[in-house]
Structure formats: C-alpha cells, structure tokens
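The following exercises concern the annotation, the sheet and the pockets of a protein chain. Please work through each task before reading its solution.

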Amino acid sequence: MGTGHIGTRVAQLFLAFGARVLGYARHQNPHCVALGVEYPGLKDLLTHSDILTVHLPLTPETRGFLDAEKIATMKPGSYLVNCARGPIVDTPALAQALTSGHLAGAAIDVFD
C-alpha cells in the first residue's frame, strides 16, 4: 500500500525474488507499472496478498485506513507489515485479527 519512493523500492526487492507484486495508491506510479507492479484495486489487493506492506503518509484520509473491516477482508493467514505511520492501522482491530488467527502475523515498527 503506497507506491511512492519507499513503496517502489520495496516492490523492487520483492520482484527480485520473483514475487507477484500488487500495488495500491491514489495514483498508479508509472515506474512501478513498468517494473511489473499490478494495481488490481483495494479489495483484490487485500484478498489476494500474502504479505501486505504499508507505505502511506499519515493524512486525514489514511488515519485508521486499515480498520477492522479491511483487516477482516485480508487473506486468511496473511501478514501485515506497517513501517509507515502507526495511526494508519487500527491497533485493536489488528490485535483481534492476530488473536483470532485470521492473520498469521504482523511486523510493526510504528505505533499509534
């Protein structure tokens, strides 16, 4: 999620390992498209991603963006990596998804 400078770099690393990379951003990054990043839309991104990495800026629109509904839509057994801004992810909803086993794990280096 987020294909600016950092998201593009992360996409390059995943692509180097032969991964299929899906992106989500307000605008498709032409450089990412040229690299092979696909932009399927938010619902497909959430339901098909084994690993979801978050690289969004914190704005009024992104605060709480990954809420309980979106986290519940994520592929069962997937992983969430938030290395952007803590308030983008609803922490109690993430804790519930981890406790219930819906998500296999999460890597968080930022907190709300």
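**Exercise 1. State which residues the UniProt domain annotation covers, and describe the chain over that range.**

Solution. The coordinates come from a predicted model. According to the unreviewed UniProt entry, the annotation "domain: D-isomer specific 2-hydroxyacid dehydrogenase NAD-binding" covers residues 1-112. Over residues 1-112, helix accounts for 37% of the chain and strand for 11%. The C-alpha atoms at the two ends of this range are 18 Å apart.

**Exercise 2. Determine the strand order of the open sheet and identify its edge strands.**

Solution. Step 1: the sheet consists of three strands in the order β1-β2-β3, with parallel pairing. Step 2: an edge strand pairs on one side only, and this applies to β1 and to β3 (105-108). Step 3: the mean turn between neighbouring strands of this sheet, direction ignored, is 10°.

**Exercise 3. Describe how β2 is joined to β3, and give the handedness of the β-α-β unit that contains them.**

Solution. Step 1: strand β2 comprises residues 79-82 and runs parallel to β3, with four bridges between them. Step 2: two facing positions can be named across this pair. Leu80 is opposite Ala106 in β3, and Val81 is opposite Ala107 in β3. Step 3: together with helix α5 (residues 91-100), β2 and β3 form a β-α-β unit, and this unit is right-handed.

**Exercise 4. Characterise the largest pocket by its volume, its central residues and the elements that supply its lining.**

Solution. Step 1: the volume of the largest pocket is about 390 Å³. Step 2: its lining comprises 22 residues, and those closest to the pocket centre are Arg20, Val21, Leu22, Ser49 and Ile51. Step 3: at least two lining residues come from each of α1 (5-16), α3 (42-48) and β1 (51-54). Helix α1 provides the largest share, four residues. Step 4: by class, the lining contains 12 nonpolar, eight polar and two charged residues.

**Exercise 5. Describe the second largest pocket by its volume, the residues nearest its centre and the classes of its lining residues.**

Solution. Step 1: the second largest pocket holds about 330 Å³ of space. Step 2: 14 residues line this pocket, and Ala25, Arg26, Leu56, Pro57 and Thr62 are nearest its centre. Step 3: the lining of the second largest pocket divides into five nonpolar, seven polar and two charged residues.

Definitions and conventions:
Residues are numbered from 1 along each chain as its sequence is written. This is a predicted model: local features need pLDDT of at least 70, side-chain atom pairs count only at pLDDT 80 or more; totals for chains, interfaces and linings use all residues. Side-chain values use heavy atoms; hydrogens and water are left out. UniProt positions are given in the numbering used here, feature names are shortened, and annotations may be inferred rather than shown by experiment. On a 1 Å grid over the protein atoms alone, a cavity is a set of points where a 1.4 Å probe fits but cannot get out, and a pocket is an open set with protein on both sides within 12 Å along at least five of seven lines; lining residues have an atom within 4 Å of a point. Grid points are joined across faces, edges and corners, and a volume is the space filled by probe spheres set on the points. Ala, Val, Leu, Ile, Met, Phe, Trp, Tyr, Cys and Pro count as nonpolar, Asp, Glu, Lys and Arg as charged, and the others, Gly among them, as polar. Two strands pair if DSSP finds at least two bridges between them. Axes are lines fitted to C-alpha atoms, for helices over the stretch in contact, and angles run from 0 to 180 degrees between N-to-C directions. A crossover is right-handed if, with the strands pointing away from the viewer, the path from the first strand over the helix to the second runs clockwise.
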